[in-house]
Amino acid sequence: RGVGDGYERQTLAHWSRPAVERMNAGDRPALYTPAADGTETLEISDDLMISAMEKVRKTVNRRRYRPGRLRNLGLLITTSIILGIAVFWLPNALIRKAQNMVPTVKRVEIGETLLGHIQHITGQTCRSPLGTQALEALHTRALGPDAGGQVFVVPSGPDTAIYLPGGLIVINRDLIEDTEDPLAVGGHIIAAAAQLRIQDPLEALLKYSGIKTTFTLLTQGEITSKALRNYAETLFANPPKRADDTMLLDMFANAQLPITPYAFAIDVTGETTLNLIEADPMQGKPVREILTYTDWTSLPGLCTK
């Protein structure tokens, strides 16, 4: 604000632009003040000047520091980080902890309970003294004497053997009855064990069942029957995928078993398993007997006795 004579002007007062407020919004002439008490004012009746003043005030207000906005932004960022940890990091961390803490005996218990729920889908496991003995011998020859676990034959199921927590392997009777070669059945057992190299079956169970199941297992040492039943149904409807060729070839080589019988068992044409057949680690090599004739004859028809 200033006065002058001719071309000379003298400043009478200086107002800070952020402090300027309009006292009579919408009225004419516009009345401005630099302080809330309104002791010093300026009247402007020119529309162009009023428009310019309002534009300046809006620009200043937009740039004005607002502590609440920054605080809200900080709160939003913090909340996002916490949610990210809860959604992405925490479940996997709890699952890893459970994998390390759950002992073998508990894994076997979980696997047996899963098997019980599977039998509600497939029917009871097929058992006989000679058949059980033959399965034990086949399991030992395919995976080694220290592998642990057991093979169970069920009346129906997917066209692949499934590896459960605790080393329990579930195999559909058709995988035994549709072949005349025990080496093919041994191959199914090895392929099931290969699932363990891809993903711990306990990890797969906990990822499917969710963080609540994992937390309950860690704190109470239990998994609800409902969670296990739901997983059993899903597992048999969507069995794990076959391990890649490199992994299978390595495991068959360690077992000193040919992979060709297994390759033809999962594809009679051999077209989709040609890589396995051509890279058979035992091709042209002598193979130690996997099962005696007596043991083998006790397996086909096991579920019809």
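Here's a quick briefing on how the helices and strands pack in this structure, and on the cavity inside it. Keep in mind that the model is predicted. There are two open sheets to look at, one with the strand order S6-S8-S7 and another with the order S3-S4-S5. After those come the cavity, which has H4 and S6 in its lining, and the contacts that H7 makes with H9 and with H8.

**The S6-S8-S7 sheet**

- This open sheet has 3 strands, and its pairing is mixed.
- Strand S6 (150–154) and strand S7 (162–164) sit at the edges, with each of them pairing on one side only.
- On average, neighbouring strands here are turned by 25 degrees against each other, if you ignore direction.
- S7 and strand S8 (residues 168–172) run antiparallel and are joined by 3 bridges.
- If you want a pair to click on, take Ile 162, whose bridge partner in S8 is Val 170.

**Helices on that sheet**

- Helix H4 (residues 129–143) lies across S6 and S8, and the angle it makes with S6 is about 125 degrees.
- Helix H6 (residues 182–198) also packs on the sheet, where it touches S6, S7 and S8.
- The direction of H6 makes about 50 degrees with that of S7.

**The S3-S4-S5 sheet**

- Here we have another open sheet of 3 strands, with antiparallel pairing.
- Strand S3 (21–22) and strand S5 (42–44) each have a single partner strand, so one side of each has no neighbour in the sheet.
- S3 is joined to strand S4 (residues 30–33) by 2 bridges, and the two run antiparallel.
- Across S3 and S4, Glu 21 stands opposite Thr 33, while Arg 22 stands opposite Tyr 32.
- On the other side of the pairing, S4 and S5 are linked in the antiparallel sense over 3 bridges.
- Leu 31 stands opposite Glu 43 in S5.

**The cavity**

- How many cavities of 30 Å³ or more are there? The count comes to 1.
- The space in the largest cavity is about 80 Å³.
- Its lining is made up of Thr 125, Cys 126, Arg 127, Thr 132, Leu 135, Glu 136, Gln 150, Val 151, Phe 152 and Val 153.
- Which element gives the most to the lining of the largest cavity? That would be S6, with 4 residues.
- H4 and S6 are the elements that give two or more residues to this lining, and H4 is also the helix that lies across S6 and S8.
- By class, the lining of the largest cavity divides into 5 nonpolar, 3 polar and 2 charged residues.

**H7 against H9**

- The axes of helix H7 (residues 201–209) and helix H9 (residues 225–237) come within 10 Å, crossing at roughly 110 degrees.
- Angles of 65 to 115 degrees count as roughly perpendicular, so H7 is roughly perpendicular to H9.
- On the H7 side, the contact takes in Pro 201, Ala 204, Leu 205, Tyr 208 and Ser 209.
- These meet Ala 227, Leu 228, Asn 230, Tyr 231 and Thr 234 in H9.
- Sorted by class, this contact of H7 with H9 has 7 nonpolar, 3 polar and no charged residues.

**H7 against H8**

- With helix H8 (residues 211–220), the axis of H7 comes within 6 Å, and the two cross at roughly 125 degrees.
- H7 and H8 are therefore oblique to each other.
- Leu 202, Leu 206 and Ser 209 in H7 meet Thr 213, Thr 214 and Leu 217 in H8.
- That gives the contact of H7 with H8 a make-up of 3 nonpolar, 3 polar and no charged residues.
- Ser 209 in H7 turns up in both contacts, as it is listed against H9 and against H8.

Definitions and conventions
Residues are numbered from 1 along each chain as its sequence is written. This is a predicted model: local features need pLDDT of at least 70, side-chain atom pairs count only at pLDDT 80 or more; totals for chains, interfaces and linings use all residues. Side-chain values use heavy atoms; hydrogens and water are left out. Axes are lines fitted to C-alpha atoms, for helices over the stretch in contact, and angles run from 0 to 180 degrees between N-to-C directions. Angles under 35 degrees count as roughly parallel, over 145 as roughly antiparallel, 65 to 115 as roughly perpendicular and the rest as oblique. Contact means heavy atoms within 4.5 Å. Ala, Val, Leu, Ile, Met, Phe, Trp, Tyr, Cys and Pro count as nonpolar, Asp, Glu, Lys and Arg as charged, and the others, Gly among them, as polar. Two strands pair if DSSP finds at least two bridges between them. On a 1 Å grid over the protein atoms alone, a cavity is a set of points where a 1.4 Å probe fits but cannot get out, and a pocket is an open set with protein on both sides within 12 Å along at least five of seven lines; lining residues have an atom within 4 Å of a point. Grid points are joined across faces, edges and corners, and a volume is the space filled by probe spheres set on the points.
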